[in-house]
Amino acid sequence: VLALAPVVGADVTVPATGHSGGVAYANLDYAASAPALTAVADRLAGALAEYASVHRGAGHLSQVTTARYEQARETVRTFVGGRADDTVVFTRNTTDSINLAASIVPGDVVVLDIEHHANLLPWTRTGRARIVESQSTIDATLAALEDELASAPAALLAVTAASNVTGEVLPLARLAGLAHRHGARILVDAAQLVAHRGVSIASFGIDYLVFSGHKVYAPFGAGVLVGRPDWLDSAPPYLAGGGASADVSIDDVAWHAGAARHEAGSPNVLGAVSIAAAADELRRVGFENIGAHDDVLIRRLDAGLAALPHVRPLRAFDDGLDRVAIASFTVVGHTPRAVAEHLSSRGIGVRDGKFCAHPLLAKLGHPDGAVRASFGVGTTSDDVDRLLNALAELA
Ligand code: PMP
């Protein structure tokens with residue numbers, strides 16, 4: 001059963017979400033994982049029907065599979081506006097991509113305190129992370145980052161593109177300019193951005209960008225790191241093994257340069273193909289349409305929440321930043337879990353907890369967590385109204 005999602009100005013086919021407790025299920029948890037679009041599932045089914053080993057065999061299917069895998073790299077590079085010489089490494093997910101990045105960075109890393117743990121713990125574990133406290137406005141936060149970058153040399157500024165808690169979108173071009181002025185590079189955790197906004201590595205001045213397939217309407221299990229080749233080529237391979245090595249004797253090994261250096265072992269070709277299919281489909285639908293769709297939904301939600309005084313939205317900054325379609329909130333008198341269970345009883349799926357961003361939740365005064373609703377191309381205004389009505393019942 002398929003449903004046509006009403007993305008403003010363009011149709012996109014999404015899998016039907018089924019029923020829960022006798023009512024149509026409203027999945028408002030796209031920020032956690034966005035279910036594969038029909039175009040992605042179809043492309044995956046085609047690739048699954050004919051594949052063989054990658055990079056190794058001379059046979060026809062091996063050639064086809066290798067071509068599909070390498071084409072997927074090119075599609076992803078174009079999708080994020082990469083430079084011609086950027087390397088596209090396929091990984092398991094955003095977390096894996098940032099751990100890979102942590103293994104190549106030759107120096108200190110400056111990080112904000114609003115990050116998802118995936119963009120915090122790989123850096124703190126290196127012992128070279130310098131954490132900067134976010135301020136109440138983005139301008140003041142940029143000034144605090146500037147002070148830190150000016151205080152001592154840093155190799156990298158690692159920053160989220162959009163908060164997985166509040167949906168607030170950070171000014172990437174300004175952040176890139178700031179890092180570069182102080183001789184640092186910038187890595188952008190785009191896990192929450194790429195399903196919602198077009199991004200251009202080259203024109204924003206981003207050095208490295210990472211995201212996960214399962215947040216962009218592809219299945220679990222594959223992610224990417226896209227970025228400048230030099231650090232990647234001079235660092236030790238992220239994984240040691242076949243595929244990463246060009247020449248091996250018992251005493252010595254010569255590692256490949258390029259993406260292969262960090263992709264030892266048989267890669268997740270089907271995951272890579274799925275990410276490429278999702279990129280193609282999102283581009284076909286168009287980010288102007290997706291952004292307009294997000295806008296309609298988030299405005300409707302914001303207006304509705306403003307009329308519910310017992311619901312308190314979370315924001316990291318006071319500036320009214322642009323937001324992707326994510327909203328977290330608490331409900332006075334109810335634990336986040338109780339709210340999520342109430343919503344579930346009305347057929348609405350949301351996330352509750354601390355969203356792998358414990359420092360941010362603590363900073364916002366909610367160490368016990370909050371509730372998060374997040375929308376995607378399959379979300380309708382009716383879904384938003386159902387959420388608002390169910391929250392009104394908790395007054
Ligand atoms: N960064 C952000 C901003 C995220 O929202 C997430 C997923 N919640 C991650 C990183 C980690 O993604 P993954 O679990 O796919 O590695």
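How many Å separate the centres of domain 1 and domain 2, taken over C-alpha atoms? In this predicted model, the separation of the two centres is 27 Å, and a good way to begin is to colour the two parts separately, selecting 2-30 together with 286-392 as domain 1 and 41-284 as domain 2, as the domain assignment gives them.

**The two domains and their contact**

With both domains coloured, turn to the place where they meet, where 27 residues of domain 1 are in contact with 26 residues of domain 2. On the domain 1 side, select helix H10 (287-306), strand S16 (326-331) and helix H12 (358-363), each of which supplies at least two residues to the side that touches domain 2. The largest share of that side comes from H10, with 4 residues. If you then colour the domain 1 side by residue class, you will find 16 nonpolar, 3 polar and 8 charged residues.

A second selection worth keeping is residues 27-387, which UniProt lists, in an unreviewed entry, as "domain: Aminotransferase class V". Its end C-alpha atoms lie 11 Å apart, and the span is 39% helix and 17% strand.

**The ligand shell**

Next, select the ligand and the residues around it: 13 residues surround the ligand, and the closest are Asn93, Thr95, Asn164, Ala191 and Ser212. Coloured by class, this shell shows 3 nonpolar, 9 polar and 1 charged residues.

**Helix H2**

Now select helix H2, residues 60-79, and place a distance between its end C-alpha atoms, which are 28 Å apart. The agreement with expectation can be followed directly, because 20 residues at 1.5 Å a residue should span 28 Å. Within H2, show the side chains of the buried residues, which are Thr65, Arg68, Tyr69, Ala72, Arg73, Val76, Arg77 and Phe79. When you read the spacing of such a list, recall that an α-helix has 3.6 residues a turn, so residues three or four places apart point the same way. To see what covers the buried residues of H2, add other elements to the view, including helix H1 (38-49), strand S6 (87-91), strand S12 (223-227) and helix H9 (269-285). Just after H2, stop at Gly81, which takes a positive phi of about 65°.

**Two positive phi values outside glycine**

Which residue in the loop between strand S11 (208-212) and S12 should be selected next? That residue is Tyr217, whose phi is near 70°, a positive value in a residue other than glycine. Tyr217 counts as buried because 29 other C-beta atoms lie within 10 Å of its own, where 20 or more are needed.

Move from there to Phe355, in the loop between strand S18 (351-353) and H12. Phe355 is not a glycine either, although its phi is positive at about 55°, and with 23 other C-beta atoms within 10 Å, Phe355 is buried.

**Val165 and its contacts**

Keep Phe355 displayed and add Val165, since Phe355 is one of the residues that Val165 touches. Val165 has its place in the loop between strand S9 (156-160) and helix H6 (172-181), and is buried, with 27 other C-beta atoms within 10 Å. Not counting residues up to four places away in sequence, Val165 touches Leu314, Ser328, Phe355, Ala357, Leu360 and Arg372. A distance drawn from Val165 to Glu115 joins residues that are 50 places apart in sequence and 9.3 Å apart in space, C-alpha to C-alpha.

**Two alanines in strands**

Select Ala129 in strand S8, residues 129-132. Is Ala129 buried or partly exposed? Ala129 is partly exposed, because 19 other C-beta atoms lie within 10 Å and the cut-off for a buried residue is 20. Leaving aside neighbours within four places in sequence, Ala129 is in contact with Val109, Val111, Trp123 and Thr124. The C-alpha atoms of Ala129 and Ala158, 29 residues apart along the chain, are separated by 9.7 Å.

The last stop is Ala26, in strand S5, residues 26-27. Ala26 counts as buried, with 26 C-beta neighbours inside 10 Å. Beyond four places in sequence, Ala26 is in contact with Gly347, Ile348, Gly349, Asp383 and Arg386. Finally, draw the distance from Ala26 to Val40, 14 residues apart along the chain, whose C-alpha atoms are separated by 21 Å.

Terms used: Residues numbered from 1 in each chain as written. Predicted model: local features only at pLDDT ≥ 70, side-chain atom pairs only at ≥ 80, totals over all residues. UniProt positions renumbered as here; feature names shortened; annotations may be inferred. Near = placed C-beta within 6 Å. Nonpolar A, V, L, I, M, F, W, Y, C, P; charged D, E, K, R; others polar. Domains from an automatic or database assignment. Contact = placed C-beta atoms within 7 Å. Expected span 1.5 Å × (residues − 1). Buried ≥ 20, exposed ≤ 12 C-beta atoms within 10 Å, placed from the backbone.
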